[in-house]
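Reader: Hi! Could you walk me through this one? I'd like to start with the charges on the outside.

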Amino acid sequence: MSTTEEATPATENITVTTVTVTDPTTTTAATTATTPQKPTLVFRVNRKIDKNDPLRFQGEGISFNAKMIGTEEVPEARGDKMCQDKIQKLKAEIKALGVHKQRIIVNVSEEGIKLVDVRHGVVEHSHPVHKVSFISRDMSDSRAFGYIFSTEEKKHLFYGIKTEKASEAVVLTLRDLFQVIFERKKKEMEEAKKQQESPENKEEKQDPNVIKLDGELNTESNTDEEPVYSCHQNKKEVFTSWTDQKV
């Protein structure tokens, strides 16, 4: 792992920190020469990004300096009071131990959330978007927040994080990422439905004893669309409940 710093123009007064992390799946030197080497992962903190750029989450995404407060299992996938109590408990525990918090980079991209150990250059946690069920800012500390990740074993883990600057920037970035992913999935579902309803893919079995009427008469095809519409609505409600509501 290597860490470098490059000065941006003096008018911005920002230092861009670059952390290069070896991909844990990269082949070793003992691997045969015929096997291609996978690229390293690069995380650049404080680089200038257009907040309205829809492609900003592609590639390396957006990274933030932070410190790990701690992680612990919680009983539910959602719950603001539960998160508030848990982050206070984790902060008290690490203070009692008298140890320094682990320096990390919080990377936000289309792949989800990555928590990178700065000292050792290791991606310690990688959490896909659809597995993050709740985000909550610390009401007593503007530079702290936490989120809940649901594992394949149906366990719920809370991750408490102390950010270098106000945590609002990270939380809003996560909200934007979830919205981008949601809109993309919605569009993909709509396009898939259009393809299914296209004349090439639609095989109508017309009953010779039934006369098909045109006009504004409500037919069964309208009711077929309702579950799909409801599905989108339900997803949006879930999305709102675990992002916008806490922002």
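Author: Happy to. K67, K101, R103 and R143 come together on the surface as a patch of positive charge. Keep in mind that this is a predicted model.

Reader: Where does R143 lie?

Author: R143 sits in the loop between β8 (132–137) and β9 (144–150). Its relative accessibility is 34%, so R143 counts as partly exposed.

Reader: And which residues gather in a patch of negative charge?

Author: That patch is formed by E183, E188, E190 and E191, again on the surface. One of them, E190, belongs to helix α2 and is partly exposed, at 36% relative accessibility.

Reader: Let me step back a bit. How many helices and strands does the chain have?

Author: There are three helices and 10 strands. Reading from the N terminus, the order is β-β-β-β-α-β-β-β-β-β-β-α-α. The chain has 247 residues, of which 34% count as buried.

Reader: Back to charges, then. How many salt bridges does the structure hold?

Author: The count is 12 salt bridges. In one of them, the side chains of K91 and D138 pair at 2.8 Å, N to O. K91 is in helix α1 while D138 is in the loop between β8 and β9, so this pair ties together parts 47 residues apart in sequence.

Reader: Is D138 buried or exposed?

Author: D138 is buried, with a relative accessible area of 4%.

Reader: What else does K91 meet in a salt bridge?

Author: The side chain of D141 also forms a salt bridge with K91, at 3.6 Å, N to O. D141 lies in the loop between β8 and β9 and K91 in helix α1, so here the parts tied together are 50 residues apart in sequence. D141 counts as buried, with 13% relative accessibility.

Reader: Nice. What about K114 and E111?

Author: Their side chains meet in a salt bridge at 2.3 Å, N to O. K114 is buried, at a relative accessible area of 10%, whereas E111 counts as exposed, at 54% relative accessibility. Elsewhere, E72, K86, K89 and E93 are joined into one network by salt bridges that share partners.

Reader: Which side chain of opposite charge is nearest to D117?

Author: That would be R119, 7.0 Å away; D117 is buried yet has no salt bridge. In general, side chains of opposite charge can pair when their charged atoms come close. The cut-off for a salt bridge is 4 Å from nitrogen to carboxyl oxygen. D117, located in strand β6 (residues 112–117), does have a polar contact of 2.6 Å with the side chain of H120.

Reader: Let's change topic to helix α1. Where is Q84 found, and what does its side chain contact?

Author: Q84 is in helix α1, residues 80–97. Its side chain makes a polar contact with the side chain of S136 at 3.0 Å. The Q84 side chain also reaches the backbone nitrogen of M139, at 3.1 Å. With 12% relative accessibility, Q84 counts as buried.

Reader: Last one: why does F182 count as buried?

Author: F182 has a relative accessible area of 10%, and buried means under 20%. Its place is in helix α2, residues 168–197. The C-alpha atoms of F182 and V129 are separated by 10.0 Å, with these positions 53 residues apart along the chain as the spacing.

Reader: Great, thanks!

Notes: Residues numbered from 1 in each chain as written. Predicted model: local features only at pLDDT ≥ 70, side-chain atom pairs only at ≥ 80, totals over all residues. Heavy atoms only, no water. Patch = residues over 30% accessible without salt bridge, like charges linked within 9 Å, V, L, I, M, F, W, Y side chains within 5 Å. Areas by Shrake-Rupley, 256 points an atom, 1.4 Å probe, with all protein chains shown as cover. Lys, Arg positive; Asp, Glu negative; His and termini not counted. Charge placed at Lys NZ, Arg CZ, Asp CG, Glu CD. Helix = DSSP H or I, 4+ residues; strand = E, 2+ residues; numbered from the N terminus. Buried < 20%, exposed > 50% of the residue type's maximum accessible area, 1.4 Å probe, protein only. Polar contact = N/O pair within 3.5 Å; in protein donor to acceptor, adjacent residues only side chain to side chain.
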